[in-house]
Amino acid sequence: MTEAAVRILLCDDHAVVRAGLLALLGSEPDIEVVGEAGTGEEAVAMAAKLRPDVVLMDLQLGPGIDGVQATRSISATGIHVLVLTTYDTDADIARAIAAGATGYLLKAERPEELFAAIRAAAQGRTTLSPPVASRVMNQMRGAAPPTLTARELDILAQLAQGLGNRDIARALFISQATVKTHLGRIYDKLGVDTRAGAVAVAKEQRLLP
């Protein structure tokens, strides 16, 4: 490795993914992997210790803090974070960028795109996968906030309290099947695919108190 090599810390909760990235990045003479983390907590601690140029960060990391929280902590120290994930919902993208991510890349990208994004991130330049860039542009154009029905807002309020489908159905005197149908519509309108994502976006859009 030359002194000019970009020093990388990998953070992904799947060991097989980390091994694949390690092998892939090892083919580039100007990129050096200096550490691997399997959790958000490990990534924050290792970033502080190793001071890499770039942290490659997945968003979903299992128990503990997620990739967005880890990104916020790491980027606050001046280290560049490049998100590398399979998740491209509006909520995921918005949260990661707001947390300070330098770039947002999808795992489906070609190796050459990943290498280029790493080099760009090391210089503080932003790189976004084309689908992500399109979503960001749509958000910046000020797309109208989603319109939810009164029933959907009721269900969102119950979600925010941490209730499951059965408890929501009981509270609102509807069937679990109806709750599931409404949840599907809520997810589509908010551009999310998880309950936590729905609550987070609803709060950002001020759909919840």
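**A quick tour: one helix pair, one cavity**

Start by selecting helix H9 (residues 176–190) and helix H10 (residues 195–204), whose axes come within 10 Å and cross at roughly 55 degrees. Helices here are DSSP runs of H or I with at least four residues, strands are runs of E with at least two, and both are numbered from the N terminus. Axes are lines fitted to C-alpha atoms, for helices over the stretch in contact, with angles from 0 to 180 degrees between N-to-C directions.

Before going on: this is a predicted model, where local features need pLDDT of at least 70 and side-chain atom pairs count only at pLDDT 80 or more, while totals for chains, interfaces and linings use all residues. Residues are numbered from 1 along each chain as its sequence is written, and side-chain values use heavy atoms, leaving out hydrogens and water.

Now show the side chains: Leu183, Ile186, Tyr187 and Leu190 of H9 meet Arg195, Ala198, Val201 and Ala202 of H10, with contact meaning heavy atoms within 4.5 Å. By class, that contact has seven nonpolar, no polar and one charged residues. Nonpolar covers Ala, Val, Leu, Ile, Met, Phe, Trp, Tyr, Cys and Pro; charged is Asp, Glu, Lys and Arg; the others, Gly among them, are polar.

Next, select Leu10, Cys11, Asp12, Leu21, Leu56, Met57, Asp58, Leu84 and Lys107, which line the largest cavity (points on a 1 Å grid over the protein atoms alone where a 1.4 Å probe fits but cannot get out; lining residues have an atom within 4 Å of a point). Strands E1 (6–11) and E3 (54–57) are the elements giving two or more residues to that lining. Its residues divide into six nonpolar, no polar and three charged.

Key:
1 Å grid on protein atoms, 1.4 Å probe; cavity = no way out; pocket = protein on both sides within 12 Å on 5 of 7 lines; lining within 4 Å.
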